[in-house]
Amino acid sequence: MKRIVYLFLFLLILCLTLTACGGRDTPAESDTEPVSEAFPTEAPATDAPAETPTEPATEEPTEAPTEAPVEENTDPLSYTKNPVLEAKVDELLAAADPAGEPDNAKLTAEHEDAGLDLWFNHAYTKTVAEDTQSTGVNTYRMRLAKNEIEACHLLLASAEGRTGLTVSVSDFVNGDGAVLVTELMYAYYFDDVDGKSVPDPAPWVREGKTFDLTAGRSQLFIIKVHAAADSPAGLYEAVVTVKNADGQEIRKAAVSAYVWDFALPEETSCKTQMDLSWWNIYSAHHCYEGDDSVLYCNYYDYLLENRICSYTLPYDTEGYYTDERILRYLDNPRVVAFNPIGWKKDATPDRVSAAYRFLSQKQEWLDKAYFYVVDEPSGQSDLDRINAAGKVLKENFPGYKMMSPMHMNKALNAKQTDDFFSYISESINVWCIKPFFFTTYEQYTYSKKHLDKPLTYLNTLRLEKAFGTFEDRMAAEVEGGDELWWYVVHEPEYPEITLVMDEQAVKYRILFWQQKLYGVQSFLYYSCNDWAYLGEKAGLDPKHEVSAFPFDVYGNGILVWCGKPFDEYGPVGSLRLECVRDGIEDFEYLTMLEKLYGKDVTDALICRLTCSLAVYNTDEAFFTSLRTALGNVLAAAQGQ
C-alpha cells in the first residue's frame, strides 16, 4: 500500500513541476493579448502630441540610463519601456506647432454644384475608386521642410456622374509673394487588384485634360509642392478649382503648405540602389533607334528628384568612363550610390582597374561606388563567385565596397562552423539582407502562436546559436566598418512590409521608420521598371508574377510606369513612389533627431509607431500627428 501512495505522490509532484516549467517557457495563448498591426501598448488618441508650447530642448545626445526602472516584458515582438526615455519623448512631442490646423470651412464656387463631392486625404491613403465616402476634410495643410517634396490627395465623386470636368490648382503663395513649385497629377486605376480598382500610376494633369466621373466611383488627384533649399519658412496658400464642361466654376477648395524653418540635405542619409532597365524603357517607348540617352536621363533624373539612385548612371560605359557627360552625375550630391562597372557586367581586372583609375580622381566618387556582381547567392558556386570577385577587387580597386543581396542562409558543413555569411565575410563589406533576417527563432515561435500569420524565418536555430542573432552579427560588422542595407521584393509577406501594390499605403512609410529602428543604413530595391508586358499598353500591367508563385503579386519591382500611353517622353510616377520618397525623407528627419538627442531617444520615439517587423500602428491620423510632431521638434531645435 505504501508503494502505491509513494508512487502517487511522486507522479503528482512530477506533473506539477512540468506544468510550472511549461508555463515559464511557453506562455499560454489565453494569457497574452493577440498581436495585430495596431501598436499594442499605445492608443493613437493618447499618443497624439500635446499642443502646449514648451521651451526647445537643449540636451546633448544621451544614451539610455542604465539604472532606470523598466517594465517587465515577456513579449519578444514588443519592447521594454524605459520611463526616463518615455518622459523625454513626451517632452519632445509637446513642441509647439507653429502651423496650427486650418479652418475646415468649405469655399463656395460661383456656380456651386452641390451634387459634386470634393474632399481631401493624406498622400499615404490609398483610396480605391469604389470608395465614394467623403472624409469630411474640406481643406488640407501639408507640412514640409525646406528642400523637400510633400503631397496630399484631392478626391471627387458624384452619385449621378459628371463629364468634361477640368481640375486646376493655383500657385502656393506666402504673404510676401514667394511661390512654391506646384504639380497636379491624377490617379490611373487598375480595375482588378484583388477585386478593387486601385490607383497607382500618377500622370500629370496637362493643359486641356478633362475628366469624366462615373456614378459610384471616385477620382483621385495628387497635389504636390516642392520647397527649395532657400524657400522662406511659413505658410503658403492655394486654391483648387473644378470647372464643368461649359467652363463654369462649380467647386473650389483651399489647400495650404507650411514650410518648417530647417532644410533637408541634398545628400540623402538613406542611400538607395534600384535597377532602371534601359531595355524596358526603350522597348516600351518603341524607341529602337536610340536617342543619345535622352529618354534614359528623363527616367533617371525623375528618380533622382525623388531621392532614388539607379544602379547605372546615364552615359555609363561599363567601367571605362569615355563619355564626359557622366561628370554631372558623379558630382551631383543627390547621387549617393551607383555601380562603377555597370549593372550585370563581369568584374574583370581590366574593367575594374580602369574604373578605379578614373574614379580615384576624387574621393567622393569612390565613396559612391558600390559593386554588385552576384545577386541572391543560393549555393556554394554563387558564394565562390563572390569571393572570386572580391579577390579581383582587392587587387584592382583599393577600398572597394561590394554588396550581394542575401535572401537565404544555410550551413556549409555538418558541424555548422560555416554558413553563407561567414563564408563571404572577407569579400563582402556592404551587407544587404532581407528584413526577416532580424527575426530570431524566439520571435518566430512566438509569432506562430500569437499572430494571425507567423513571421518569416529562413535561418536555423543551430546557426543562430553558433553565430548569434543577425541583429548582433550585423551590429558587429557595422562596428568593424562595414555598411548595412536591406531590401524587399514580393516577400516577406504580411505581417512584414513590402512595396507591392495591395499594401496599405502608410506601410510604405512605416518601412523606413523600421529601417531606422533596426540600424539599417540604406535601402535596395531590385527594380523600378520591371514591366512584364510590352504590348499596346507597355509598362501598364500591374500583375506579372502569377505563374511563379501561389499568390498574385501586383506591382513588384515597379515604382515608375511607362509614359508612352500618357504621351510623356519619360516616366509616369506612382502613388507608391511618392510614399517611398516620403519614407526616405522621414528617415532623414529621424537621422537629424538622432544627431540632436541620441539613438535611444530616437528609438523610443520610433517605437510609438513601430517596435518590430510585426508590430506597427497603421492608423493614418496617428501617423500624421507623430510625423507633424517630429517636424515641430526639428524646427524648434533649429531655432535654438
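In a predicted model such as this one, two helices count as roughly parallel when the angle between them is under 35 degrees, as roughly antiparallel over 145, as roughly perpendicular from 65 to 115, and as oblique at the remaining angles.

Q: Why are helices H15 and H17 called oblique to each other?
A: The axes of H15 (residues 575–597) and H17 lie 10 Å apart and make an angle of about 50 degrees. That value is neither under 35, nor over 145, nor in the range 65 to 115, and H15 and H17 are therefore oblique to each other. The handedness of their crossing is left-handed.

Q: Which residues make the contact between H15 and H17, and how do they divide by class?
A: H15 contributes Asp-586, Tyr-589, Leu-590, Met-592, Leu-593, Leu-596 and Tyr-597, while H17 contributes Phe-623, Arg-627, Leu-630, Gly-631, Val-633, Leu-634 and Ala-637. Eleven of these residues are nonpolar, one is polar and two are charged; Gly-631 falls in the polar class because Gly is counted there, and Asp-586 and Arg-627 are charged because Asp and Arg belong to that class.

Q: What makes H14 roughly parallel to H15?
A: Helix H14 (residues 505–517) packs on H15 at an angle of about 30 degrees, with the axes 8 Å apart. Since the angle is under 35 degrees, H14 is roughly parallel to H15. Their crossing is right-handed, and the residues in contact include Tyr-508, Phe-512 and Trp-513 of H14 and Val-580, Phe-587 and Leu-590 of H15. By class, this contact holds nine nonpolar, three polar and six charged residues.

Q: How do you know whether H7 is oblique or roughly parallel to H9?
A: The axes of H7 (residues 349–359) and H9 (residues 380–396) come within 9 Å and cross at roughly 40 degrees. An angle of that value is not under 35 and does not reach the range that begins at 65, which means that H7 is oblique to H9. The crossing is right-handed. Pro-349, Val-352, Ser-353 and Tyr-356 in H7 meet Val-392, Leu-393 and Asn-396 in H9, giving five nonpolar, two polar and no charged residues.

Q: Is Asn-617 buried or exposed, and how do you know?
A: Asn-617, in the loop between H16 (599–606) and H17 (620–638), has a relative accessible area of 3%. The cut-off for buried is under 20%, so Asn-617 is buried.

Q: What makes the approach of Asn-617 to Asp-619 a polar contact?
A: The side chain of Asn-617 reaches the backbone nitrogen of Asp-619 at 2.9 Å, which is within the 3.5 Å limit.

How values were computed:
Residues are numbered from 1 along each chain as its sequence is written. This is a predicted model: local features need pLDDT of at least 70, side-chain atom pairs count only at pLDDT 80 or more; totals for chains, interfaces and linings use all residues. Side-chain values use heavy atoms; hydrogens and water are left out. Axes are lines fitted to C-alpha atoms, for helices over the stretch in contact, and angles run from 0 to 180 degrees between N-to-C directions. Helices (H or I, at least four residues) and strands (E, at least two) are DSSP runs, numbered from the N terminus. A crossing is left-handed if the near helix is turned anticlockwise from the far one by less than a right angle, and right-handed if clockwise. Contact means heavy atoms within 4.5 Å. Buried means under 20% relative accessible area, exposed over 50%, partly exposed in between (1.4 Å probe, protein chains only). A polar contact is a pair of N or O atoms within 3.5 Å; within protein, one must be able to donate a hydrogen and the other to accept it, and residues adjacent in sequence count only if both atoms are side-chain atoms.
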